[in-house]
Every structure is written in C-alpha cells, then in structure tokens.
Amino acid sequence: MFQKGEYVIYGNNGICRIEEIGIPVGTPMGRSGKEYYTLAPVFGSGSIYAPVDTKVFMRAILTKEQAEHLIEQIPDIQEEEFEGRDVRALSEKYKGCLDTHQCEDLVKLIKTVYIKEKTMVENGKKLAKTEQEFGKLAKELLHREFSMALGIPYEEVEVYITEKVNALSK
C-alpha cells in the first residue's frame, strides 16, 4: 500500500501525488465503504479517486538513484526493430511499449523513433505522424518522471540526460 504524500505513476494519468487515503466523504464512492487513494495529477489538474485495490497500473516513481542508474544504461538500451508499413500494427507495438509503464521501455521507444527519423531524413523523407506522436509522448512521460526523481525542472531534463550520456562515452 502506498502512503500519503508519495508520488506514483497511475495508469495513463502519469505522475500523481497521493493526497489522502480513506473513504471519500461526500462522494458517491464514499457510500461503498471502500478505501480510496485521492490522487492529484502533478502535470494536470483535478482529483482522481482510485480504490486502494485498483486494477489500474500503479507504481512508485523512480528514486533519484534509479533515475541516475537508468541514465547510465541509456547507451546500452537497444532500439526496437519495427518493420513494415502497417500503421495499425506499428501503433500497437508502440502502444505496447507505453503500456508497460516502465522507463526502460520508454527509452527504447524514444531511441527507436529517433533512429527511424534520422534514417528517414537521410533518405529525404519524413517520419509518419503516428511515430512522431508516440515518440513525443514517450519522451514527455520519461522526462516528467526524471524531473520529479532528480528534482530538476522539466525543461532541463533533456540537457541533463545528454550531458550525462556524453560524459559516459568519453
């Protein structure tokens, strides 16, 4: 069970802070007698009520040490080989990477899209909109979590990662 004040990844809502744990008074959920987490999205607004025994994916965000370790592993994380032109199949593959809610899979997806875009540009072509969107979303999710874990502004995460990875390759 998570504790009040902890930051968690909650399904596709991203990072949320646990504001309360208990039976929500004055809400329809309160009549059930079940305990709920009251979640406040960090990069959004409003409140989310999630049963303590929710089936929706929920995990603690990375610690600073875990984030630093993952950044060190980025050069060794291999991109996926997604071949074919079937946009639906490609979308399902990319969605599968997002649905694991694991930062390593986000890195893999970002690297995959980056390599593919680089190859396309070299051949005078543009990356498909679907791939651009999945790459952007994966980067946003990863950078938000790194921002929280490392205690740095979201806008500085990409530079931070680049500097760390470049220092490792020297």
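Is Lys139 buried, partly exposed or exposed, and at what relative accessibility? In this predicted model, Lys139 counts as partly exposed, its relative accessibility being 31%. The residue is a convenient entry to the charged contacts, which are taken up next, before the aromatic pairs, the nonpolar patch and the strands.

**Salt bridges between helices**

The structure holds 11 salt bridges, and among them are three whose partners sit in separate helices, as set out below. As a general point, side chains of opposite charge can pair when their charged atoms come close.

| Salt bridge | N to O distance | Accessibility of Lys | Accessibility of Glu |
|---|---|---|---|
| Lys139 and Glu158 | 3.1 Å | Lys139, 31% | Glu158, 41% |
| Lys116 and Glu131 | 2.8 Å | Lys116, 22% | Glu131, 4% |
| Lys164 and Glu68 | 4.0 Å | Lys164, 35% | Glu68, 18% |

Lys139 meets Glu158 with the closest N and O atoms 3.1 Å apart; because Lys139 lies in helix H4 and Glu158 in helix H5, this pair ties together parts that are 19 residues apart in sequence. Glu158, with a relative accessible area of 41%, is partly exposed.

Helix H4 also carries Glu131, whose partner Lys116 lies in helix H3 (residues 103–122), so that this second pair joins parts 15 residues apart in sequence. The N to O distance here is 2.8 Å. Lys116 counts as partly exposed at 22% relative accessibility, whereas Glu131, with a relative accessible area of 4%, is buried; the cut-off for buried is under 20%.

The side chains of Lys164 and Glu68 form a further salt bridge, with 4.0 Å from N to O. This pair links distant parts of the chain, since Lys164 belongs to helix H5 and Glu68 to helix H1 (residues 64–73), 96 residues apart. At 18% relative accessibility Glu68 counts as buried, while Lys164, at 35%, counts as partly exposed.

**Aromatic pairs and a nonpolar patch**

Three aromatic pairs are present in the structure. In one of them, the ring centres of Phe43 and Tyr154 are 6.4 Å apart and the ring planes meet at 55°, so the pair is classed as tilted; the class of edge-to-face would need planes over 60 degrees apart. Phe43 is found in the loop between strand E3 (36–41) and strand E4 (48–51), and Tyr154 in the loop between helix H4 (129–150) and helix H5 (157–168), so the pair ties together parts that are 111 residues apart in sequence. Both rings belong to partly exposed residues, Phe43 at 36% relative accessibility and Tyr154 with a relative accessible area of 29%.

Phe43 also takes part in a nonpolar surface patch of about 220 Å², which it makes with Tyr7 and Val42. Val42 lies in the loop between E3 and E4 and is partly exposed, with a relative accessible area of 30%.

**Antiparallel strands**

Strand E1 (residues 7–10) and strand E2 (residues 15–22) run antiparallel and are joined by three bridges, with Val8 standing opposite Cys16 in E2. These two strands form a hairpin with four residues between them, and Gly11 in the turn has a positive phi of about 50°. On the other pairing of E2, six bridges join this strand to E3, again in an antiparallel arrangement, and Glu20 stands opposite Thr38 in E3.

Methods
Residues numbered from 1 in each chain as written. Predicted model: local features only at pLDDT ≥ 70, side-chain atom pairs only at ≥ 80, totals over all residues. Heavy atoms only, no water. Phe/Tyr/Trp six-rings, centres within 6.5 Å; stacked < 30°, edge-to-face > 60°. Buried < 20%, exposed > 50% of the residue type's maximum accessible area, 1.4 Å probe, protein only. Pairing = 2+ DSSP bridges. Patch = residues over 30% accessible without salt bridge, like charges linked within 9 Å, V, L, I, M, F, W, Y side chains within 5 Å. Areas by Shrake-Rupley, 256 points an atom, 1.4 Å probe, with all protein chains shown as cover.
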